[in-house]
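The exercises below concern backbone geometry, burial and overall fold statistics. Please work through each task before reading its solution.

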Amino acid sequence: MSKFLRSWESLLILILGITTAVNISLAPEFLTLQNQVNLFQLSIEKIIIATIMTLIIINGEIDLSVASIMGLSACTFGTIIDVGMPASLAILLCLGLGIMLGAINAFWITIIGIPSLVVTLASLIGYRGFARVLLEDRGITGFPDWFIALGRDGLIGSLPLSFFAFALLVATLSIVLHRTGFGREVFTIGNSAEVAHYSGLRVARVKSILFILSGGISAMAGLFYAARLASVRGDAAFGFELDIITMVLLGGVSIFGGKGSMLGVVLSILIVLNLRNGMALMNITGHIQTAVIGILLIASVLIPNMLERLRSVST
Amino acid sequence: MNVLLRNFHPQTLRVLTLAVVLLLVIVFFVSQIDNYFSPRTLNRIASSAAVILPIAIGQAIVVMTRNIDLSVGSLVGITAYVTGDILAYAPFGPFLTLFIALSIGALCGAFNGVLVAYGRVPSIIVTLGTLALFRTFLVEYSEARTITTDSLPKWVVELPQTTLFSVGVLEVRVMVIVALVAALIFSLALWKLRAARKFYAVGSNPDAAIMAGINSERVVFTAFVLSGMLAGLAGLIFLARFGNITVVAGLGFELKSIAAVVVGGVNIFGGSGTILGVVLGTLLVDTIDNSLIRWAIVSEFWREALLGILIMTAVAVDTFMARSYVQLRKLVA
């Protein structure tokens, strides 16, 4: 118990408590179900991707291309609708595209052996470039009503489909990460890919699965984004990777790999959503919100580092 | 190939290959675009490369130490805007202005450097954060105002048109010379200067560098300060070139600089790279960028997509070359 009290997660619970209390004092209607649903819905695409990003960073890698995959999938969807093909076919094609984009990342990382940071930085530029090639400076609207309703309206009560996708992903991925052999492999490879390799783990296979999953999930998030906004443009979801990576790192996942938990990430997601909502309630603009997220991102790595060093000095 | 590898250092080969590719690209565009090979085109590419080159040099030094600086684009924005703002109140001369721009850049670079070198936060995290942070600072500072040409002193406005000397019909602009001088200084330093060789040492093997008595923290810190300073220089050139500065100045330059560095043969794993390569890489990236706008067949929206493909190809070629070189060395030995 005392170990849990000193853990990163308990610190997160404390911060979450404080931000929630501040928010409630700012606006009494904060805790209403509708506000909570809105809170989630505004960032639902980001938090969906944060779930798979957790596994990738624990695995000792990083995927910077997620927002570009979102954008490219949304733009592809728009283009397909624009030429008059049915939306259901477009959805399937876009999910397939996402898996393919993830597979391209995986190919360069595992088979050619280039660090994921470089590969996904290049694909961040490249995939976004293709999205711009598709739509140039046009915006596409005119999606079918049922598709837009899927993104906006409640499926059960006021909870939209994307919320259930998020819940399902959190549940499945946390079981996979913390309760299965595959999850142990993710941690082991994150601690040391070399040791894992010599212990007979199929490192390339695990990494490939994660990056392909990340591509597919990002494409799905892109579709949710298109449905929620009922329009797409070439710069759809631009810069979302900053928020996503911040949520994961703030959740106590080590950027060096091998450490982290899904519980921590879910808590940090709640904190980030609360903070953004609170800042919006205080009339703080989007730009400052982004800066606060940036500070959080640096602090979430700096503070554990400092604590670690203090601990090693004192012993 | 084997004969080549035995007689030339892979870096030399890499730079030679790059020069050939650059030449081929230019020949290709000359055959595609009417009236391409004119002084106007060359001037345009040169002035556009003059903004990117300083950032690319700074980025190269940071990459050599196994780090990355994603905040340079925002830094160019800050220095261009703040320097322009200062000049609007106090019309300083060129040297004082240069000093101000470099100081602003160095200060921001030091902020990155402290967090990376002494705070032990990975550079990708720090600079992803400061990319947003610096840009926000600029947005707040500007209060939605725009720096306009008429508020700037005369020498700044005239700088882009000021020609130092002419080679035939080609006029060599002062800004281009400033960027090239910076490249020359850093090229010489990295080649000969003991202190500058430490960037290579820390990047190629951090543990060995520490064992050899190198203060690796200070070296990494210095790399970020230099990167900031050079971004400051680029900011000043940007200010002079465009005159009208809004808060989006320098947006996306970090990706361009990384492309130039990686294409220029600076190893992304740290420890190797030359400034000559960076100059060629910058020219290649910029030539493609500027020529696509004028190429009728392909939409200019292909720029980013091509940039991504270019980076990937360059990194893949480097990886394969490094591997075959190591294998060949084993065979010969």
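Two conventions come before the exercises. The model is predicted, so local features need pLDDT of at least 70 and side-chain atom pairs count only at pLDDT 80 or more, whereas totals for chains, interfaces and linings use all residues. Residues are numbered from 1 along each chain as its sequence is written, with chains lettered from A and ligands numbered from 1 in the order in which they are written.

**Exercise 1.** Determine the setting of Glu136(A) and establish whether this residue is buried or exposed.

*Solution.*
1. Phi of Glu136(A) is positive, near 45°, although the residue is not glycine.
2. Most residues other than glycine have a negative phi.
3. Glu136(A) belongs to the loop that links helix 6 (116-135) to strand 1 (139-140) in chain A; helices are DSSP runs of H or I with at least four residues, strands runs of E with at least two, numbered from the N terminus.
4. Because 10 other C-beta atoms lie within 10 Å, Glu136(A) is exposed (exposed: 12 or fewer other C-beta atoms within 10 Å; buried: 20 or more; partly exposed: in between; C-beta atoms are placed from the backbone).

**Exercise 2.** Carry out the analysis for Glu143(B).

*Solution.*
1. Glu143(B) has a positive phi near 50°.
2. In chain B, Glu143(B) sits in the loop between helix 6 (123-142) and helix 7 (154-158).
3. With 7 other C-beta atoms within 10 Å, Glu143(B) is exposed.

**Exercise 3.** State the secondary-structure content and burial of chain B.

*Solution.*
1. Chain B contains 14 helices and two strands.
2. Of its 333 residues, 46% are buried.
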